[in-house]
Amino acid sequence: MNKKALIAMSGGVDSSVAAFLMKQSGFDCIGATMRLYDNEDIGIAAEKTCCSLDDVEDARAVARRLGMPYYVFNFKDEFEKRVIDKFIATYENGGTPNPCIDCNRFLKFEKLFLRAQELGCDCIVTGHYATVEFDESSGRRLLKKGADESKDQSYVLYSLTQEQLAHTCFPLGKYRKSEIRELAEQNGFVNSHKKDSQDICFVPNGDYAAFIERRTGRTYPKGKFVLESGEILGEHNGLIRYTIGQRKGLGIAYKQPLFVTRKDLEKNEVVLTTGASLFTTEVTATDINLISVPEIKGEMRVKARTRYNMKEQSGTAIQLDCNTIKVVFDEPQRAVTAGQALVLYDGDKVVGGGTII
């Protein structure tokens, strides 16, 4: 009897080819798309975002071509609570969230993972560029980078538990993106040339502040732009509109370039710098998940990233308690931002990660 796999299908080319590869490997496959919101819920009329009706039809067409059963699961309530509400709360508390990590953690590898078990599936499959391996020496499942360095998505998967990794397949991990598009074209998939989605799916126009205001019905008061010295330079348009390291869109003429270095919630002030205070060598993260090791004992040399699109930097990791890690970087890091993820690497292995505080 063949093993069964539930394929998380977004309607894009990656998850479609993931389904094809699993079929080729002899799995009985079921396609599934998560319905996470309605366009009217997020204040747009167009259907050019991931999770739109067009995406559902693309996923359904690929599933039909591969002879797979296909379902759409309604996870709107959970998505609103675990992703959108958290996204808003992080901005309101001065941070900058990464909703894709939360969607993977709470929806794809929690809600959909449970649905896969209910359907009697042996594994859940996604189109992420990463790999899972079993390390016999440690007895642990390892999350490793994808072969295509430009597409590697291990950073957004650091929250996967050992149980989840044991029942997760990433068939694209050994491929390059160009090879995936070739496979899609060879198999006549309707989405073989579909562009990758770039924006946050529920904020397709990138104006997250307007989305938050529509969603909450609140307005976020203007306040002062101030230098670190306390000198007032002008008026900002609400704290949620700014993030650490931001230079563009400040609307202030000054003798030197200015960057956001801090947001003072109590005073409703955006603190600006000419650059030096943007850098720090120590970063602390909480709500951690460790993968390659059960715990970090003493000091551990690692490479680490504090943002998705950045080059890994060398440092020393220290676990402060069961839920907190600190990394002391060899070189100062620019614009480390609360709400983003700190992810640790040992070569191509993900050691673990957490949310920067």
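## Around Ser 154

Let's start with one pair of residues: the side chains of Ser 154 and Tyr 345 are joined by a polar contact of 2.9 Å. A polar contact here is a pair of N or O atoms within 3.5 Å; within protein, one must be able to donate a hydrogen and the other to accept it, and residues adjacent in sequence count only if both atoms are side-chain atoms. This is a predicted model, where local features need pLDDT of at least 70 and side-chain atom pairs count only at pLDDT 80 or more, while totals for chains, interfaces and linings use all residues. Residues are numbered from 1 along each chain as its sequence is written, and side-chain values use heavy atoms, with hydrogens and water left out.

Ser 154 also has a polar contact of 3.0 Å with the side chain of Asp 152. You'll find Ser 154 in the loop between β6 (140-145) and α5 (162-166). Helices (H or I, at least four residues) and strands (E, at least two) are DSSP runs, numbered from the N terminus. Is Ser 154 buried or exposed? With 0% relative accessibility, Ser 154 counts as buried, a word that means under 20% relative accessible area (exposed is over 50%, partly exposed in between, with a 1.4 Å probe and protein chains only). Setting aside neighbours within four places in sequence, Ser 154 is in contact (heavy atoms within 4.5 Å) with Tyr 129, Leu 143, Lys 144, Lys 145, Tyr 345 and Val 350.

## An open sheet

Next comes a sheet. It is open, has 5 strands in the order β3-β2-β1-β4-β7, and its pairing is parallel. The edges belong to β3 (70-74) and β7 (168-169), each with a single partner strand, so one side of each has no neighbour in the sheet. Two strands pair if DSSP finds at least two bridges between them.

Zoom in on one pairing: strand β2 (residues 28-35) runs parallel to β3, with 5 bridges between them. Thr 33 sits opposite Val 72 in β3.

## Helix α3, with a kink

Helix α3 (residues 76-92) has 17 residues and reaches 22 Å from first C-alpha to last, close to the 24 Å expected at 1.5 Å a residue. That expected span is 1.5 Å times one less than the number of residues. Where does α3 kink? The kink, about 30 degrees, is centred on Asp 85; the bend at a residue is the angle between axes fitted to the seven residues ending there and the seven starting there. Just after α3, Gly 94 has a positive phi of about 90 degrees.

The buried residues of α3 are Glu 78, Phe 79, Val 83, Ile 84, Phe 87, Ile 88, Thr 90 and Tyr 91. They pack against α4 (99-118) and α7 (208-216).

## Two nonpolar cores

A nonpolar core is a set of buried Ala, Val, Leu, Ile, Met, Phe, Trp, Tyr and Cys residues joined through side-chain atoms within 4.5 Å. The largest one here has 48 residues, and Phe 79, Phe 87, Leu 107, Leu 112, Phe 202 and Ile 212 have the most contacts inside it. Two or more residues of this core come from each of β1 (4-8), β2, α3, α4, α7 and β16 (341-346). Helix α4 gives the most, with 8 residues.

Phe 79 touches Leu 36, Tyr 37, Ile 84, Cys 103, Leu 107, Cys 201 and Phe 202, if you skip residues up to four places away in sequence. A second, separate core has 27 residues, including Ala 18, Leu 21, Met 22 and Ala 63.

## Helix α1

Helix α1 (residues 13-24) has 12 residues, which should span 16 Å at 1.5 Å a residue, and its end C-alpha atoms are indeed 16 Å apart. Since 10 of the 12 residues are buried, α1 is largely enclosed by the rest of the structure. Among those buried residues are Val 13, Asp 14 and Phe 20. Just after α1, Gly 26 takes a positive phi of about 95 degrees.

## Strand β11 and its partners

How many of the 5 residues of strand β11 (residues 269-273) are buried? The count is 5 of 5. Glu 269, Val 271 and Thr 273 point one way, while Val 270 and Leu 272 point the other way.

Strand β8 (residues 223-227) pairs with β11 in the parallel sense over 4 bridges, and Leu 227 stands opposite Leu 272. Strand β10 (residues 259-264) runs antiparallel to β11, joined by 5 bridges, with Lys 263 opposite Val 270. The hairpin of β10 and β11 has 4 residues between the strands, and Asn 268 in it takes a positive phi near 55 degrees.
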